[in-house]
Amino acid sequence: MIRILIIFISGALSYLFGWLQNYMIIAAAALVPFLWGFIGFIYGKKVQRLLLFPILYLFLLVPPPFALLDSVTLPLRYLCAAGVEGLFRLFHFPIEREGLVYIVKGQQMMIDEACSGFRSLITMFSLGLAYAYIIRGSILKKALLVSSVVPLALIGNIARIIVVTLIAVYFGQEAAQGFLHTFSGAIVFLFVVLGFVGVEKFT
């Protein structure tokens, strides 16, 4: 009980420090030991064990450091650019690429940070963890489901970039950055979710 109380107090103090100093990473991360200690202190270890996954799931609320974002999003952007170029060339569609910038039929496009797919990856990973936790199955099946998130999110993001590029080619840049841009993201997100459910059915 003393150890649980120490965890609870440490989490509360860490949250207070992060909130006062405007360190969102510390404040968000401190919620986990705070809730873990609070539940253990009030309801006991049995309830604490039952709520282990929901409490640890809150770590996904912690915003990643900017240095980590740069180290992750930049390779994702190059990977998406290479995937887009490869698919266009596979279907004999004229494309010229230099780094993150490519030109398709006179339309110049660039894969910026928003197009890296990192947000989609985090969203899908969160959904994948929750889905794997809820369904019945072996640990191996759950691990396969969670590991399928990365390729599915990557494929979905590449497909979304291709759709936006084709919209820009045939309907102009304004159309590509307008409603169709947002709508294409929703369609691809649905496609990735359905792909995830398909992986679950065949594993």
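## Tyr 43 and the nonpolar patch

Tyr 43 sits out in the open in this predicted model: its relative accessible area is 55%, so it clears the 50% mark for exposed residues. The residue belongs to helix H2.

Tyr 43 also has company. Together with Met 1, Leu 5, Ile 9, Leu 13, Phe 38, Phe 41 and Ile 42, it makes up a nonpolar patch on the surface, and the accessible area of the group comes to about 790 Å². Two elements, helix H1 (2-20) and helix H2 (24-43), each supply two or more of these residues. H2 is the top contributor, with 4 residues.

## A positive patch

There's a charged patch on the surface too: Arg 3, Lys 45, Lys 46 and Arg 49 gather there as a cluster of positive charge. Helix H3, which spans residues 45-50, brings the largest share, with 3 residues.

Take Arg 49 as one of the members. This arginine is part of helix H3, and its relative accessibility of 58% is over the 50% cut-off, so it counts as exposed.

## The two sides of H7

Helix H7 covers residues 139-147, and its buried residues are Lys 141, Lys 142, Leu 145 and Val 146. Because these four span an arc of only 135° around the axis, they end up on the same side of H7. Ile 139 and Leu 140 are exposed on the other side of the helix. So H7 has two lysines, Lys 141 and Lys 142, among its buried residues, while an isoleucine and a leucine are exposed across from them.

As background for that kind of pattern, an α-helix has 3.6 residues a turn, so residues three or four places apart point the same way.

## Two loops with positive phi

Most residues other than glycine have a negative phi. His 92 goes the other way, with a positive phi of about 55°. You'll find His 92 in the loop that links helix H5 (66-90) to strand S1 (96-98). With a relative accessible area of 73%, His 92 is exposed.

Lys 105 is another non-glycine residue with a positive phi, here about 50°. Its loop runs between strand S2 (101-104) and strand S3 (107-110).

## Val 169 and Gln 108

Val 169 is in helix H8, residues 149-171. Is Val 169 buried or exposed? It counts as buried, because its relative accessibility of 18% falls under the 20% cut-off.

Along the chain, Val 169 and Gln 108 are 61 residues apart, yet their C-alpha atoms are separated by 9.3 Å.

How values were computed:
Residues numbered from 1 in each chain as written. Predicted model: local features only at pLDDT ≥ 70, side-chain atom pairs only at ≥ 80, totals over all residues. Heavy atoms only, no water. Patch = residues over 30% accessible without salt bridge, like charges linked within 9 Å, V, L, I, M, F, W, Y side chains within 5 Å. Areas by Shrake-Rupley, 256 points an atom, 1.4 Å probe, with all protein chains shown as cover. Salt bridge = Lys/Arg side-chain N within 4 Å of Asp/Glu carboxyl O. Lys, Arg positive; Asp, Glu negative; His and termini not counted. Charge placed at Lys NZ, Arg CZ, Asp CG, Glu CD. Buried < 20%, exposed > 50% of the residue type's maximum accessible area, 1.4 Å probe, protein only. Arc of directions from axis to C-beta.
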